Amino acid sequence: MSLEEDIKTSILEFDEDGLKKRIETALSTKEADPLTILKIIGNVMTLVGDKFEKEEYFLPELIMSANIVKSAIDEILDPALRNTGQKKESLGKVVIGTVEGDVHSIGKDLIASFLFSNGFEVYNLGEEVPAEKFINKAEEVNAHIIGLSSLLTMSMDFQRQVIQELKKRELRDKYKVIVGGSPTSEEWAEQIGADGWADDALETVALVKKLLNINE
Ligand code: B12
């Protein structure tokens with residue numbers, strides 16, 4: 001079976017060991033690089049999402065698949081990316097997280113990994129991140145970009161709150177704020193006064209480069 005098929009089967013069968021071993025083999029034999037594997041995982045998770053929507057999967061299956069993917073990314077793919085990316089000069093600093101009230105991590109983590117592997121210094125603050133924490137971290141590390149992820153209609157407004165809080169602190173012009181996540185859109189980004197929106201990880205890399213005037 002192809003690498004894609006193997007990864008898909010392991011995730012859909014909740015086979016954490018199988019997934020990790022297959023990824024390790026693919027990396028050690030140079031069958032694929034970490035970024036290619038992340039792309040495959042992203043596609044499989046989109047499929048998992050579709051199954052949930054069609055009620056073929058329920059919450060326990062979702063949690064299991066999300067957990068094994070997170071563990072494979074944290075333990076294998078992110079370290080592998082760090083090894084290949086270490087010598088690169090930083091193209092810019094990005095603070096990213098999922099907004100308050102929202103625990104969805106997979107899309108945001110994919111974005112963080114893609115940005116990192118494209119030469120950005122990434123500070124991933126995790127999930128359920130309050131506005132203050134985004135801003136404090138951005139101030140602390142002198143970030144260029146603040147990235148806000150939201151997968152829930154109920155949490156979207158916290159993206160707006162981060163922007164309002166930046167304004168309140170007279171820091172709005174200091175950072176480019178980008179937003180994303182399935183309930184958000186270009187129009188939403190405009191409506192809340194964000195600097196950009198992207199649909200997926202590849203588009204996000206292009207967006208960040210555009211916002212920072214990086215021509216590559
Ligand atoms: C996995 C999942 C979960 C997992 C999350 C595990 C984890 N560690 O992430 C668990 C089981 C915990 C979960 C819980 C819940 N979930 Co949920 N979940 C999903 C599911 C199936 C997939 C999300 C995912 O990982 N997609 C794959 C990744 C790769 O895609 P992505 O997240 O969209 O990210 C991409 C883009 O959006 C974009 N992007 C993302 N972030 C950012 C940020 C920036 C800055 C940019 C530029 C781009 C960007 O790029 C990413 C990469 O391509 C979706 C359904 C779906 N089809 O999306 C529902 C979904 C998001 N969940 C939903 C709901 C309702 C919930 C719960 C409330 C369920 C419940 N009844 O308890 C809870 C929420 C708890 C909370 N407080 O947050 C709804 C949300 C509906 C809505 N619009 O409000 C959805 C849409 C399912 C549905 N149709 O009902 N969930």
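Hi everyone, let's begin with a piece of the fold that you can trace with a finger: strand 3, helix 7 (residues 157-168) and strand 4 make a right-handed β-α-β unit. Before I go on, please keep in mind that this is a predicted model.

There is a second unit of this kind to look at. Strand 1, helix 5 (residues 106-117) and strand 2 also make a right-handed β-α-β unit.

Now let's put the strands together. In what order do the five strands of the open sheet stand? The order is 2-1-3-4-5, and the pairing is parallel. Strand 2 and strand 5 (196-197) stand at the edges with a single partner strand each, so one side of each has no neighbour in the sheet. As a general reminder for those new to this, strands of a sheet pair through backbone hydrogen bonds, and the pairing can be parallel or antiparallel.

Let's walk through the pairs. Strand 1 (residues 93-98) pairs with strand 2 in the parallel sense over four bridges. If you want to find this spot on the screen, look for V94, which stands opposite V122 in strand 2. Strand 1 also pairs with strand 3, in the parallel sense and over five bridges. Here I96 has G147 of strand 3 as its bridge partner. On we go to strand 3 and strand 4 (residues 176-180), which pair in the parallel sense over five bridges. In that pair, I145 has K176 of strand 4 as its bridge partner.

Next, the side chains. Is strand 3 (residues 145-149) largely enclosed or left open by the rest of the structure? Five of its five residues are buried, so strand 3 is largely enclosed. I145, G147 and S149 point one way, I146 and L148 point the other way, and all are buried.

Strand 2 (residues 121-124) gives us another pattern. Its side chains alternate: V122 and N124 point to one face and are buried, while E121 and Y123 point to the other face and are not buried.

Let's zoom out to the domains. The domain assignment gives domain 1 (3-85) and domain 2 (93-211). Their centres, taken over C-alpha atoms, are separated by 24 Å. The contact takes 13 residues from domain 1 and nine residues from domain 2. On the domain 1 side, helix 3 and helix 4 are the elements that give two or more residues. Helix 4 has the largest share of that side, with eight residues. By class, that side of domain 1 has nine nonpolar, two polar and two charged residues.

Finally, the ligand. How many residues surround the ligand? There are 39, and the closest are G49, A66, G107, S149 and G180. You have met S149 already, as one of the buried residues of strand 3. Which element gives the largest share of the shell around the ligand? That is helix 3, with seven residues. At least two shell residues each come from helix 3 (34-53), helix 4 (59-85), helix 5, strand 3, strand 4 and helix 9 (201-211). Both domains take part, as the shell draws at least three residues from each of domain 1 and domain 2. Sorted by class, the shell has 20 nonpolar, 14 polar and five charged residues.

That's my tour, and thanks for listening!

Note on methods
Residues are numbered from 1 along each chain as its sequence is written. This is a predicted model: local features need pLDDT of at least 70, side-chain atom pairs count only at pLDDT 80 or more; totals for chains, interfaces and linings use all residues. A residue is buried if 20 or more other C-beta atoms lie within 10 Å of its own, exposed if 12 or fewer, and partly exposed in between; C-beta atoms are placed from the backbone. Two strands pair if DSSP finds at least two bridges between them. A crossover is right-handed if, with the strands pointing away from the viewer, the path from the first strand over the helix to the second runs clockwise. A residue is near a molecule or strand if its C-beta atom, placed from the backbone, lies within 6 Å of it. Ala, Val, Leu, Ile, Met, Phe, Trp, Tyr, Cys and Pro count as nonpolar, Asp, Glu, Lys and Arg as charged, and the others, Gly among them, as polar. Domain bounds come from an automatic or database domain assignment. Two residues are in contact if their C-beta atoms, placed from the backbone, lie within 7 Å.
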